[in-house]
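Subject: The structure we talked about

Hi there,

Here is the structure I promised to pass on. Please open it next to this email and follow along as you read.

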Amino acid sequence: MKKLDVLIIGGGPIGIACGIEAEKKQLSYVIIEKGCIVNSLYNYPQGMTFFSTSDKLEIDGIPFISNNVKPVKAEALEYYRRISSSKNLNINLFEEVIEIKNKLDAFQIKTSKTSYTAKNVVIATGFYDIPNTMNIPGEELPNVSHYYKDPHFYAHQKVIIVGASNSAVDAALEIYRKGGDVTMVIREEGIGKRVKYWVRPDIVNRIEEGNIKVHYNSEVKEIKKDEVLIVTKEGALSIKNDYVLALTGYMPNFDFLEKIGIEISKDKKRLPQYDTQTMETNVKGVYLAGVVCGGLETHKWFIENSRIHAPIIMNSIKTKI
Ligand SMILES: Cc1cc2nc3c(=O)[nH]c(=O)nc-3n(C[C@H](O)[C@H](O)[C@H](O)COP(=O)(O)OP(=O)(O)OC[C@H]3O[C@@H](n4cnc5c(N)ncnc54)[C@H](O)[C@@H]3O)c2cc1C
């Protein structure tokens with residue numbers, strides 16, 4: 001079996017950027033992606049608008065032409081897909097990396113389809129695959145989801161939205177506008193501080209006028225088939241309900257990182273260990289790229305400030321080969 005210079009796990013924007021850099025440095029490489037191209041972006045809500053302007057989402061300086069200052073999901077899919085085809089990147093889709101074994105002079109990488117040998121591995125697996133669960137009874141019911149796709153489905157339905165971040169606020173506004181009866185359950189005393197500044201007045205006004213109901217300082221305690229129990233400052237409350245969207249954030253696959261031997265900080269940030277000069281982890285030859293670097297600080301890295309990981313990593317690998 002051919003020994004690759006580098007195997008890149010994840011075909012998101014940053015995995016693609018790593019592939020482009022590997023190509024430029026004439027390193028043999030393959031990108032392994034468990035879903036479609038830019039799988040996380042594909043699974044974002046249908047009508048999602050990025051908070052970043054299109055220039056900040058560009059990779060390798062390739063212009064991202066968008067109709068508006070902030071592009072929508074469809075434009076981003078088009079952009080990254082066109083890049084992967086025009087650059088003719090070596091990317092294997094719908095193939096999941098299952099296991100990485102550290103042999104003496106190379107890594108054995110087992111996937112859902114085959115296995116590979118590579119001198120170096122880049123982990124660009126993002127954080128969108130694993131939701132932060134509430135760990136309450138009823139969370140596994142079919143009317144509960146941690147992912148929001150589209151508002152039409154919720155028309156004329158009673159929907160509880162758990163969370164106060166951008167995802168929760170966007171879902172609340174969209175569903176309300178398609179005729180859903182929305183109640184937000186928020187642990188804190190207000191809408192999240194990082195909510196997009198141009199969206200904040202919209203949600204605040206809808207709440208003030210009573211069109212979107214909200215319970216601050218409250219937590220969902222149990223979900224039943226058509227009822228949700230919450231605990232508020234004033235006491236326990238039962239709300240009649242059809243659907244629950246628990247938009248409580250996501251986290252990187254720590255098990256996957258730990259199995260490879262990557263050390264994770266013991267504090268609540270759970271930061272994976274890596275050298276910021278090279279992006280190499282404590283496991284020699286294994287690099288981290290993109291938003292996976294932030295551990296539970298999922299707001300720290302985004303495309304704009306992590307696309308630089310690609311040239312940093314490939315420079316480091318090139319000097320070793
Ligand atoms: C709703 C939402 C809106 C956002 N808006 C913005 C924005 O406006 N601007 C911005 O910069 N960022 C935004 N982000 C953050 C955004 O997710 C990241 O910036 C971007 O996707 C990071 O790219 P990445 O390549 O690091 O990770 P991802 O895009 O998450 O890519 C990781 C890829 O790895 C694949 N993968 C995971 N495990 C495996 C495995 N074992 N084997 C094979 N493949 C695997 C996944 O399928 C995925 O395609 C947003 C995030 C969310 C959730």
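Below is what I found in it, grouped by topic. One thing to keep in mind from the start: this is a predicted model.

**Salt bridges**

How many salt bridges does a search of the whole structure find? The search gives 19. Three of them are described here, together with a network.

Start with K119 and D5, whose closest N and O atoms are 3.2 Å apart. This pair links distant parts of the chain, since K119 belongs to strand 6 (residues 115-123) and D5 to strand 1 (residues 3-9), 114 residues apart. The two partners fall into separate accessibility classes: K119 counts as partly exposed because its relative accessibility is 33%, while D5, at 9%, counts as buried.

Next, the side chains of D60 and K87 meet in a salt bridge with an N to O distance of 3.4 Å. D60 is in the loop between helix 2 (39-42) and helix 3, and K87 is in the loop between helix 3 and strand 3 (91-92), so this salt bridge ties together parts that are 27 residues apart in sequence. D60 is partly exposed at 33% relative accessibility, and K87 is partly exposed as well, with a relative accessible area of 35%.

The third pair is D181 with K213, where the closest N and O atoms are 2.5 Å apart. Because D181 lies in strand 10 and K213 in strand 11 (residues 213-215), the pair ties together parts that are 32 residues apart in sequence. D181 has 30% relative accessibility and counts as partly exposed; K213, at 37%, is also partly exposed.

Salt bridges that share partners also join E21, K24, K25, D60 and K87 into one network. If you select those five residues together in your viewer, you will find the D60 and K87 pair among them.

**Helix 4 and what covers it**

Helix 4 covers residues 166-177, which makes 12 residues. From its first C-alpha to its last, helix 4 reaches 17 Å, close to the 16 Å expected at 1.5 Å a residue.

Which residues of helix 4 are buried? They are N166, A168, V169, A171, A172, L173 and I175. The cover over these buried residues includes strand 9 (158-162), strand 10 (181-185), helix 5 (200-208) and strand 15 (243-246). Strand 10 may ring a bell, as D181 from the third salt bridge lies there.

Just after helix 4 comes G179, with a positive phi of about 90°.

**A nonpolar patch on the surface**

F51, Y197 and W198 form a nonpolar patch on the surface, and together they have about 380 Å² of accessible area. Y197 is located in the loop between strand 10 and helix 5. Is Y197 buried or exposed? Its relative accessibility is 65%, so Y197 counts as exposed.

**Three single residues to look at**

S84 sits in helix 3 (residues 73-86). With 7% relative accessibility, S84 counts as buried. What lies 3.0 Å from a polar atom of the S84 side chain? That is the backbone oxygen of R81. Leaving out residues up to four places away in sequence, S84 touches I37 and L89.

N39 is part of helix 2. N39 has a relative accessible area of 14% and is therefore buried, the cut-off for that class being under 20%. Its contacts, again without residues up to four places away in sequence, are E33 and K34.

M251 belongs to strand 16 (residues 250-251). Why does M251 count as partly exposed? The reason is its relative accessibility of 23%, because partly exposed runs between the under 20% of buried and the over 50% of exposed. M251 and N132 are 119 residues apart in sequence, yet their C-alpha atoms are 6.5 Å apart in space. N132 is also one of the residues that M251 touches, along with F127, I130, P131 and L296, not counting residues up to four places away in sequence.

Happy browsing, and write back with any questions.

Best wishes

Key:
Residues numbered from 1 in each chain as written. Predicted model: local features only at pLDDT ≥ 70, side-chain atom pairs only at ≥ 80, totals over all residues. Heavy atoms only, no water. Helix = DSSP H or I, 4+ residues; strand = E, 2+ residues; numbered from the N terminus. Expected span 1.5 Å × (residues − 1). Buried < 20%, exposed > 50% of the residue type's maximum accessible area, 1.4 Å probe, protein only. Contact = heavy atoms within 4.5 Å. Patch = residues over 30% accessible without salt bridge, like charges linked within 9 Å, V, L, I, M, F, W, Y side chains within 5 Å. Areas by Shrake-Rupley, 256 points an atom, 1.4 Å probe, with all protein chains shown as cover. Salt bridge = Lys/Arg side-chain N within 4 Å of Asp/Glu carboxyl O. Polar contact = N/O pair within 3.5 Å; in protein donor to acceptor, adjacent residues only side chain to side chain.
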